[in-house]
Amino acid sequence: MRIPLFSRGGNREIDPVCDMQVDTRNPPGGIFEYGGRTFYFCGPGCNRAFQREPEAYLSGDKKIQM
Ligand SMILES: [Zn+2]
C-alpha cells in the first residue's frame, strides 16, 4: 500500500480516487462507507466513481489523473 488511507492527526484523509487530501470535517465530495471504513472525497465525481468500482480504486488498479 503506497499511501496510508488513515493518516495521522485525524483531520485529513486521502481521497482513494485521486489521492488528494480531504478535510474530514467538511469533505467537498461527501463520504461513502465501504468495507467497514469511511472514505472521503474531494468532489462528487470522485465519490460516484468510487461507488461504481470501489475495489478497483482500493487495489490501486485504477486512478484518476487530476
Ligand atoms: Zn478526488
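**View 1. The whole chain, as a predicted model.** Buried residues make up 26% of the 66 residues in the protein chain. Please keep in mind while you look around that this model is predicted. You can find two helices and four strands here, and following the sequence gives the pattern β-β-β-β-α-α. Of the contacts in the protein chain with a separation of 6 or more, 27% join residues 24 or more positions apart.

**View 2. The hairpin of β3 and β4.** Here we come in on strand β3, residues 31-34, and strand β4, residues 37-40, which pair in the antiparallel sense over four bridges. The two strands form a hairpin with two residues between them. Look in the turn for glycine 35, which has a positive phi of about 60°.

**View 3. Phenylalanine 39 and its surroundings.** Stay with the hairpin and find phenylalanine 39 in β4, the bridge partner of phenylalanine 32. Setting aside neighbours within four places in sequence, phenylalanine 39 is in contact with Pro16, Ile31, Phe32, Tyr34 and Phe50.

**View 4. The largest nonpolar core.** Phe39 and Phe50 turn up again in this view, as both belong to the largest nonpolar core, which has 11 residues in all. The other members are Val17, Cys18, Val22, Tyr40, Phe41, Cys42, Cys46, Ala49 and Tyr57. Two elements, β4 and α1 (44-52), give two or more residues to this core. Helix α1 provides the largest share, three residues.

Methods
Residues numbered from 1 in each chain as written. Predicted model: local features only at pLDDT ≥ 70, side-chain atom pairs only at ≥ 80, totals over all residues. Pairing = 2+ DSSP bridges. Buried ≥ 20, exposed ≤ 12 C-beta atoms within 10 Å, placed from the backbone. Contact = placed C-beta atoms within 7 Å. Core = buried A, V, L, I, M, F, W, Y, C linked by C-beta atoms within 7 Å.
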